[in-house]
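Open your viewer, keep the selection panel handy, and walk through this one stop by stop with me.

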Amino acid sequence: MEVFRFFRQQLFSWHTGHQRPLPWKGERDPYKVWLSEIILQQTRVEQGLPYYERFTATYPTVRRLAEAPLDEVLKLWEGLGYYSRARNMHATARHIAGELHGIFPDTYAGIRALPGVGDYTAAAIASFAFGLPHAVLDGNVYRVLARFFGIETPVDTPAAKREFQALAQQLLDPGRPGAYNQAIMDFGAGHCTPRQPACSTCPLVERCVALRTGAVQRLPTKNRAAAKQQRFFVYAVFYQGKNVWVRKRDAADIWRNLYEFPLLELPKAPTDPSALPQLLLNHFFSVGHPAGIALRRVSKPYRQTLSHRIVTAIFCEFDLDENSESLVFQKNTPSDWQLVEQIYFKKILAVPRIVEWFWNERP
DNA sequence: AAGGCGGGGTG
DNA sequence: CACCCAGCCTT
């Protein structure tokens, strides 16, 4: 179709003068391409860039990544969010280093089968590292196509994914799929942006349906997002000399595999913060005033907005006698609690941002 | 089909 | 504040 040829040509022409120089551009090592794509899932380039440098420097090969302990990988990942990416990445590295003898799969199906690799990431790796003709479909592509073709289908549905994927595949230049995928994503990120697209200098302006119909600001459409649920965390920070008690989050919940303090979650916002220390003691001990425990202070409330949750956390700090038996917690003391040095906690263990904020602001 | 899963930048 | 970002996985 003529309009497809126009779209492709104008896109390439634009891209010639507007490439961002990034370390993974032109990279053919599938390991590094894969690493960059996992890091960049739902993540802005500027945010992911230092993490990419850090990971490639620390783990130059897939075998080096496979040999690292998961906790070390998570610490390097700390602050990037969506931590299951790091867990899947580590599992995949071990799978490749072991079962696949260190050889990265070189077919779309083989790549797509790796944990943490969906349709987008498989197409990106296949086209960038192996030159295979698979079109990427990410947030940028959805936006560019919805506007240029005037597509009203809400993009956050499986039907839209099928529709846009088919269209993207038809538009792909099979002769240079990698360059085409780079071009359309760079165009979406740098020119056809969500808020203030540069329509006045757009190379596609002649045939953009959304511009002609005044729908640029409205497209792409989405179904309404679900309201954020609130959660209320009360943490017990038990200091014991130079140590502190911590635990690893292991449930199928937010911040899985990250570290925190002994936690009591409340169903609703606490009405009286000054009552929280006693609430914690009642929760963790069978006696109301266990010997050898003194309240140090109660923190201010910390608030963190996630994509789907609003978390409020208050930290109650206690000092425990170093030699007392007070750590024989008599109830609600899972065996996963660990006593670690405070220095170790800060330097080695990966923690959620809200815990980091509290920890760095302590008097 | 719907919901869970982070964190940061931007208007 | 709301929205969005080189999405994936489970139910």
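Start with helix 1 (residues 2–17) and helix 11 (177–190) of chain A in this predicted model. Their axes come within 9 Å and cross at roughly 75 degrees, an angle in the 65 to 115 degree range, and the two helices are therefore roughly perpendicular to each other. Show the side chains next: L11, F12, W14 and H15 in helix 1 meet A183, I184, D186 and F187 in helix 11. Coloured by class, that contact divides into 6 nonpolar residues, 1 polar and 1 charged. If you are wondering about the choice of numbers, two packed helices are described by the angle between their axes and the distance between the axes.

**A second crossing**

Now select helix 9 (139–149) and helix 10 (residues 158–171). What angle do the axes of helix 9 and helix 10 make? They cross at roughly 85 degrees and come within 11 Å, so helix 9 and helix 10 are also described as roughly perpendicular to each other. On the helix 9 side, pick V141, Y142 and L145; on the helix 10 side, pick F164, L167 and A168. By class, this contact has 6 nonpolar residues, with no polar and no charged ones.

**Along DNA strand C**

Keep helix 9 and helix 11 on screen and bring up DNA strand C. Of the 31 residues around the strand, G118, T121, D138, G139 and M185 come nearest. Which elements give two or more residues to this surface? They are helix 2 (30–39), helix 8 (119–130), helix 9 and helix 11. Helix 11 provides the largest share, 4 residues. The surface as a whole divides into 11 nonpolar, 13 polar and 7 charged residues.

**Helix 2 and what covers it**

Zoom to helix 2, one of the elements along DNA strand C. How many of the residues of helix 2 are buried? The count is 10 of 10, so mostly covered is a fair description under the cut-off of 20 or more other C-beta atoms within 10 Å. To see them, select P30, Y31, K32, V33, W34, L35, S36, E37, I38 and I39. Then add the cover, which includes helix 3 (45–58), helix 4 (62–67), helix 6 (84–98) and helix 8.

**A123 in helix 8**

Helix 8 is a good next stop, and A123 is found there. Is A123 buried or exposed? A123 is buried, with 28 other C-beta atoms within 10 Å. Leaving aside neighbours within four places in sequence, A123 is in contact with H134, A135 and V136. For a distance label, try A123 to P133: they are 10 residues apart along the chain, and their C-alpha atoms are separated by 8.1 Å.

**DNA strand B**

Switch to DNA strand B. Of the 24 residues around this strand, G81, P158, D253, I254 and S307 come nearest. By class, the surface near DNA strand B has 9 nonpolar, 10 polar and 5 charged residues.

**Between the domains**

Colour chain A by its domain assignment: domain 1 (2–213) and domain 2 (229–361). Their C-alpha centres lie 39 Å apart, and 8 residues of domain 1 are in contact with 8 residues of domain 2. On the domain 1 side, helix 5 (70–77) and helix 6 each supply at least two residues. Helix 5 gives the most to that side, with 3 residues. The residues of domain 1 that touch domain 2 divide into 3 nonpolar, 2 polar and 3 charged.

**Q338 in strand 8**

Next, select Q338, found in strand 8 (residues 338–341). Q338 is partly exposed, with 15 other C-beta atoms within 10 Å. Not counting residues up to four places away in sequence, Q338 touches V246 and R247. Q338 and V244 are 94 residues apart in sequence and 8.3 Å apart in space, C-alpha to C-alpha.

**Zoom out**

Finish with all of chain A in view. The secondary structure comes to 15 helices and 8 strands, and the C-alpha atoms fill a box of roughly 80 × 50 × 35 Å along the principal axes. Of the 363 residues of chain A, 30% count as buried. Among contacts between residues at least 6 apart in sequence, 70% join residues at least 24 apart.

Notes
Residues numbered from 1 in each chain as written. Chains lettered and ligands numbered in written order. Near = placed C-beta within 6 Å. Nonpolar A, V, L, I, M, F, W, Y, C, P; charged D, E, K, R; others polar. Buried ≥ 20, exposed ≤ 12 C-beta atoms within 10 Å, placed from the backbone. Contact = placed C-beta atoms within 7 Å. Domains from an automatic or database assignment. Axes fitted to C-alpha atoms, helices over the stretch in contact; angles between N-to-C directions. Parallel < 35°, antiparallel > 145°, perpendicular 65-115°, else oblique.
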